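Visitor: Please walk me through this one, and tell me what earns each label.
Guide: Happy to; let's have it up on screen.

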Amino acid sequence: VVGGYGASVAAGRGGGRLGVVLGIVGVLALVVSYVLITGFNPVPGTLDWLDRMRSVSQPETVWQVRLGGRPEVAVPAGPAVVVLMRGRVEVRDLRTGGEMWTRDVSWAAVAGADAGAVVVAGRAGRRGYEVVDPTSGAVRWTDEHAVGVWTYRDVVLALTCQGLAECALAARDPLGGDVRWRTALPGVGKVLAGANHELLGSRELVPAGLDARMAGPVEAPPMLGFPLGGKVQVVELASGRRVREAEAGGTTRVVVVAGRLLYSTAQRQQGQCRYTLEARDPRTGGVVWRKAGYDLGTASGAGCEQRRDPAGGGGALAAVRGDNREVLLNAYDGRELWVGAPGERALATDGLVALVRSGDGRAVRAVDLGGGGDLWRREVSPEAEASLTRHAAVFVDGEAGRVVAVEAGSGRLLVDARTSASLVGVGPDGLVLAAGRNLGLLTHGSIAS
């Protein structure tokens with residue numbers, strides 16, 4: 001009897017399990033039938049819900065919000081965070097993450113300084129742009145005709161063209177739009193359309209995984225080189241004067257850095273490219289300094305054609321010397337600001353401080369380019385990327401899932417967080433992280449345990 005009772009209980013349990021399985025199969029069949037009939041797919045919505053629930057970092061951000069698109073960069077600007085994405089601008093409250101305003105644009109950038117920052121937004125499908133207050137969303141001023149714009153902390157430059165090759169460059173106040181000067185520029189200006197089109201100068205020493213715009217606009221340099229009509233039009237920003245028209249060949253690259261007209265010439269000798277650097281005063285055309293054997297990394301191809309601008313920052317240029325040591329050169333007077341030990345590599349510089357990776361890749365030191373001494377040293381992984389901003393030196397290690405921010409002058413730790421999110425903004429109060437369409441603010445003092 002006992003055996004019969006046990007067998008019947010086991011059979012009952014087996015039947016119960018079978019019933020549960022058949023019930024689940026039945027529910028799944030109903031769901032599949034509903035999807036096939038209606039075309040509704042619940043998977044993206046479920047994944048979207050799971051993505052919303054995921055925290056972007058540990059420690060957690062002080063706020064986390066869902067955006068209308070994937071952010072390219074999120075610039076802290078006073079009480080707001082200006083989020084730039086393809087065809088759209090969203091502005092969020094820095095304290096809460098709440099939406100302040102949003103609009104569709106053809107392009108957008110940030111100009112002005114900190115609390116006096118503005119959003120420069122290209123009008124969709126039309127020439128011109130509007131300058132918008134980041135807090136209220138109100139239009140402060142407009143330019144109906146500009147085709148190209150360059151934004152800085154202290155000025156907005158706008159290129160307007162009436163005919164095919166009749167253009168003028170104007171300097172305007174970021175807040176009020178007052179025109180400081182206007183000067184004619186020859187050439188077809190439509191090739192420089194949009195926001196912050198690349199000019200002939202130095203490119204930032206920023207790794208591919210980080211965006212140079214994330215800390216906001218920089219101060220305008222003393223002179224800029226506009227590539228128009230196959231020539232370099234050199235404009236002095238203080239006066240607006242077009243001080244020089246320069247021309248380069250295939251093996252000579254001409255750029256404007258730190259108020260100097262820099263000629264980098266490469267000649268192929270004994271199977272190698274041999275380099276000569278020459279800096280001239282744009283106003284007089286006179287040679288200020290000349291050096292041989294410094295490779296700025298501008299050439300490519302068997303014929304030593306120079307197709308890239310040199311890398312650097314703040315008037316300093318990164319180069320490789322004839323003895324294969326990396327150096328940073330002062331573009332204004334040609335001095336060596338820093339000479340690396342064998343294997344050392346410059347990761348970032350603002351012309352005053354440089355971040356230098358050790359030969360084994362496991363440490364980064366901050367070098368005072370004025371005095372030559374070390375400011376601080378930090379252990380890092382060989383895979384970590386580094387950037388030097390106005391607000392902090394930042395390190396991003398995607399493989400280890402970590403982001404660190406320290407004071408550039410002292411090395412004092414500001415943020416140390418575990419995250420798989422991307423760093424898209426650096427401000428005076430912390431870091432802005434993005435994971436997909438999720439955005440969050442990680443304030444200073446956020447240290448992972």
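Guide: Helices and strands here are DSSP runs (H or I over at least four residues for a helix, E over at least two for a strand), numbered from the N terminus. Residues are numbered from 1 along each chain as its sequence is written. This is a predicted model, so local features need pLDDT of at least 70, side-chain atom pairs count only at pLDDT 80 or more, totals for chains, interfaces and linings use all residues, and side-chain values use heavy atoms, with hydrogens and water left out.

Visitor: How many helices and strands does that rule give?
Guide: 2 helices and 39 strands.

Visitor: What pLDDT does the protein average?
Guide: The average is 89, and 88% of the residues score at least 70, where pLDDT is the predictor's confidence in each residue, from 0 to 100. Residues 1-5, though, have a pLDDT below 50, and beyond near neighbours in sequence that stretch has 0 contacts in the model (a contact means heavy atoms within 4.5 Å). Residues 7-11 also have a pLDDT below 50, again with 0 contacts beyond near neighbours in sequence.

Visitor: What share of the contacts comes from residues 24 or more positions apart?
Guide: 44%, taken over contacts in the protein with a separation of 6 or more.

Visitor: Why does Thr61 count as buried?
Guide: Buried means under 20% relative accessible area, exposed over 50%, and partly exposed in between, with a 1.4 Å probe and protein chains only. Thr61 comes in at 10%, so it counts as buried. By that label, 49% of the 449 residues are buried.

Visitor: Where does Thr61 lie, and what does it touch?
Guide: Thr61 is in the loop between α2 (42-53) and β1 (63-66). Leaving aside residues up to four places away in sequence, Thr61 touches Val56, Gly440, Leu441 and Leu442. Leu431 is 370 residues from Thr61 in sequence, yet their C-alphas are 9.3 Å apart. A polar atom of the Thr61 side chain also lies 2.9 Å from the backbone oxygen of Trp63.

Visitor: Which peptide bond is cis?
Guide: The one from Gln58 to Pro59, with omega near 5 degrees. Pro59 is found in the loop between α2 and β1. Most peptide bonds are trans, and most residues other than glycine have a negative phi.

Visitor: Which residues have a positive phi without being glycine?
Guide: Asp114, with phi near 50 degrees, and Asn324, at about 70 degrees. Asp114 lies in the loop between β6 (107-111) and β7 (118-122), while Asn324 lies in the loop between β26 and β27 (326-330).

Visitor: Why is Asp114 called partly exposed?
Guide: Its relative accessible area is 35%, which falls between the two limits, so partly exposed is the label. Asn324, at 66%, is over the upper limit and therefore counts as exposed.

Visitor: What makes the pair Glu236 and Arg283 a polar contact?
Guide: The rule asks for a pair of N or O atoms within 3.5 Å; within protein, one must be able to donate a hydrogen and the other to accept it, and residues adjacent in sequence count only if both atoms are side-chain atoms. The side chains of Glu236 and Arg283 meet at 2.5 Å, so the distance passes. Glu236 lies in strand β17 (residues 231-236) and, at 10% relative accessibility, counts as buried. Its other contacts, not counting residues up to four places away in sequence, include Trp181, Pro222 and Met223.

Visitor: What makes a space a cavity or a pocket?
Guide: On a 1 Å grid over the protein atoms alone, a cavity is a set of points where a 1.4 Å probe fits but cannot get out; a pocket is an open set with protein on both sides within 12 Å along at least five of seven lines; lining residues have an atom within 4 Å of a point. The search finds 1 cavity of 30 Å³ or more. The largest cavity has a volume of about 50 Å³ (the space filled by probe spheres set on the points, with grid points joined across faces, edges and corners). Its lining has 13 residues, with Pro76, Gly112, Asp114, Pro217 and Arg390 nearest the centre. Strand β2 (residues 73-77) gives the most to that lining, with 3 residues.

Visitor: Where does the lining of the second largest pocket come from?
Guide: β26 (316-320), β29 (345-349) and β33 (385-388) each supply at least two residues. The second largest pocket holds about 300 Å³ of space, and among its 19 lining residues Leu205, Ala311, Glu326, Arg345 and Ala346 lie nearest its centre.
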